[in-house]
Amino acid sequence: TECTSTRTDFCSSPFTYHLHDLTMDADLAAARAKAAQGGQAPGAAMEQQLKEQQQQQAMEEQKKAMLLGILDENARARIARIAAVKPEKASMVENYVLMLAQKGQISSTVNESKIIEILDQLAANQKKTKIIVKRRTIDSEDEDDNDDDLM
């Protein structure tokens, strides 16, 4: 579908999202002004770094907008709770949901029970951490030693 939005942030139709005019000219201008105050011209590396930050931020905004349309309120709350404890796991779940949406395997909004299923799938795919504790055995000579005589 063609986007006819005149807004400068996001427009959306069901499961289709467009990003409009997300630029950070103010940040670029501030960086140039700061460099000019220091007596240096802004370097190409600095501009490249700013562009990369802008692209990354734009992608994050687009990801959030897509998730907002795909996840229901309870599912978003569940992911937010997971993100508070394990941000990398929450990111994995979000990326998985987006992948399913892009493949067309999600036809309606994702609810909390679907998020729990996804978490179970991801947990099954990951290795289980196993902790083995080896305790040293006490020599039989030490058992015979009575520490009461030291008092």
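1. In this predicted model, a network of salt bridges links Arg78, Arg81 and Glu112. The whole structure holds 3 salt bridges according to the search, and the points below take them in turn.

2. Arg78 pairs with Glu112, and their closest N and O atoms lie 2.8 Å apart. Arg78 belongs to helix 3 (residues 73-85), whereas Glu112 belongs to helix 5 (residues 112-125), so this salt bridge ties together parts of the chain that are 34 residues apart in sequence.

3. Arg81 also forms a salt bridge with Glu112, with 3.4 Å between the closest N and O atoms. Here too distant parts of the chain are linked, since Arg81 is in helix 3 and Glu112 in helix 5, 31 residues apart.

4. How accessible are the members of this network? Arg78 has a relative accessibility of 24% and counts as partly exposed. Glu112 is likewise partly exposed, at 23%. For Arg81 the relative accessible area is 48%; because exposed means over 50%, Arg81 is still classed as partly exposed.

5. Glu94 and Lys63 form a further salt bridge through their side chains, at 3.5 Å from N to O. This pair connects helix 4 (residues 87-103), where Glu94 is found, with helix 2 (residues 44-70), where Lys63 is found; the two residues are 31 apart, and the parts of the chain that they link are described as distant.

6. Is Lys63 buried or exposed? The relative accessible area of Lys63 is 14%. Buried means under 20%, so Lys63 is classed as buried.

Note on methods: Residues are numbered from 1 along each chain as its sequence is written. This is a predicted model: local features need pLDDT of at least 70, side-chain atom pairs count only at pLDDT 80 or more; totals for chains, interfaces and linings use all residues. Side-chain values use heavy atoms; hydrogens and water are left out. A salt bridge is a side-chain nitrogen of Lys or Arg within 4 Å of a carboxyl oxygen of Asp or Glu. Helices (H or I, at least four residues) and strands (E, at least two) are DSSP runs, numbered from the N terminus. Buried means under 20% relative accessible area, exposed over 50%, partly exposed in between (1.4 Å probe, protein chains only).
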